[in-house]
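User: Could you give me a close look at one part of this model? I'd like to know how it sits against its surroundings and which side-chain links it makes.

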Amino acid sequence: MAGKTQRAPTLYAIIAIKLGKGVLLLLIALGVYSLADNDLIHDYRQLLHWIHIDPERKFFAELARSIRKITPENIFWVARGTAFYSIFSLIEGVGLFYRVSWAGWMAICESIFFIPIEVYELMRGFSPAVFVILLINVFIVIYLVQNRHRLFHHHVRKPEPSIDI
């Protein structure tokens with residue numbers, strides 16, 4: 001099997017997760033960007049009316065007060081940050097697809113970065129979604145660290161041929 005790339009269904013699943021996350025985040029960034037010029041409080045009230053919720057209920061009234069504080073500049077920053085992170089995920093997914101070692105390390109570091117945040121969130125209050133994401137990130141780290149030599153191309157300089165005189 002020398003010179004051939006081995007099949008790695010688990011790696012393909014990780015690639016799908018990274019690319020899917022990147023596309024989803026890019027769509028969210030575009031959606032958030034499109035809200036910048038909207039009258040958010042008007043849109044919010046229309047949404048509540050459409051789904052037949054009383055906007056005067058305490059939770060929805062407090063949410064409306066929070067929405068009033070959102071400025072177009074805040075929206076642009078959220079859209080830019082989300083777009084940046086989506087590009088990061090897309091580059092990571094493509095790098096994993098081509099099995100370059102830097103992408104493996106990128107995925108490992110990104111997953112390690114989020115583990116303490118997820119543990120903190122679980123300590124504040126259990127959430128099945130956060131728990132599943134934590135398990136996925138721990139699995140990604142363990143899998144990629146244990147299989148990095150088998151999965152990724154390591155660019156090693158070949159020695160130059162010697163010339164005998």
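**A helix face and a buried lysine**

Analyst: Happy to! The buried residues of α3 are covered by parts that include α2 (40–50), where covering is judged by contact (heavy atoms within 4.5 Å). This is a predicted model, in which local features need pLDDT of at least 70 and side-chain atom pairs pLDDT 80 or more, while totals for chains, interfaces and linings use all residues. Residues are numbered from 1 along each chain as its sequence is written, and side-chain values use heavy atoms, without hydrogens or water.

Helix α3 spans residues 58–68, and F60, A61, A64 and I67 are buried there (under 20% relative accessible area; exposed is over 50%, partly exposed in between, with a 1.4 Å probe and protein chains only). Helices here are DSSP runs of H or I, at least four residues, numbered from the N terminus. Looking down the axis of α3, the buried residues fit within an arc of 115° (directions from the axis to the C-beta atoms), so they line one face of the helix. K58 and F59, on the other side of α3, are exposed.

Now to the lysine, K18, which belongs to helix α1 (residues 9–34). K18 counts as buried because its relative accessibility is 2%. Beyond the neighbours within four places in sequence, K18 touches S89, E92, G93, L96, A107, E110 and S111.

Two of these contacts, E92 and E110, belong with K18 and K21 to a network of salt bridges (a side-chain nitrogen of Lys or Arg within 4 Å of a carboxyl oxygen of Asp or Glu). E92 meets K18 at 3.6 Å, N to O. E92 sits in helix α4 and K18 in helix α1, so this pair ties together parts 74 residues apart in sequence. E92, like K18, is buried. E110 meets K18 at 2.8 Å, N to O, and this pair joins helix α5 to helix α1 across 92 residues. Both of its members are buried as well.

Helix α4 (residues 72–97) also holds L90, which is partly exposed at 23% relative accessibility. The C-alpha atoms of L90 and K21 are 7.9 Å apart, though 69 residues separate them in sequence. Outside four places in sequence, L90 contacts L19, G22 and V23.

The whole structure has six salt bridges. One to set beside the K18 pairs is R124 with E121, at 3.3 Å between the closest N and O atoms. These two are three residues apart in helix α5, which means about one helical turn lies between them. R124 is exposed at 59%, and E121 is partly exposed at 31%.
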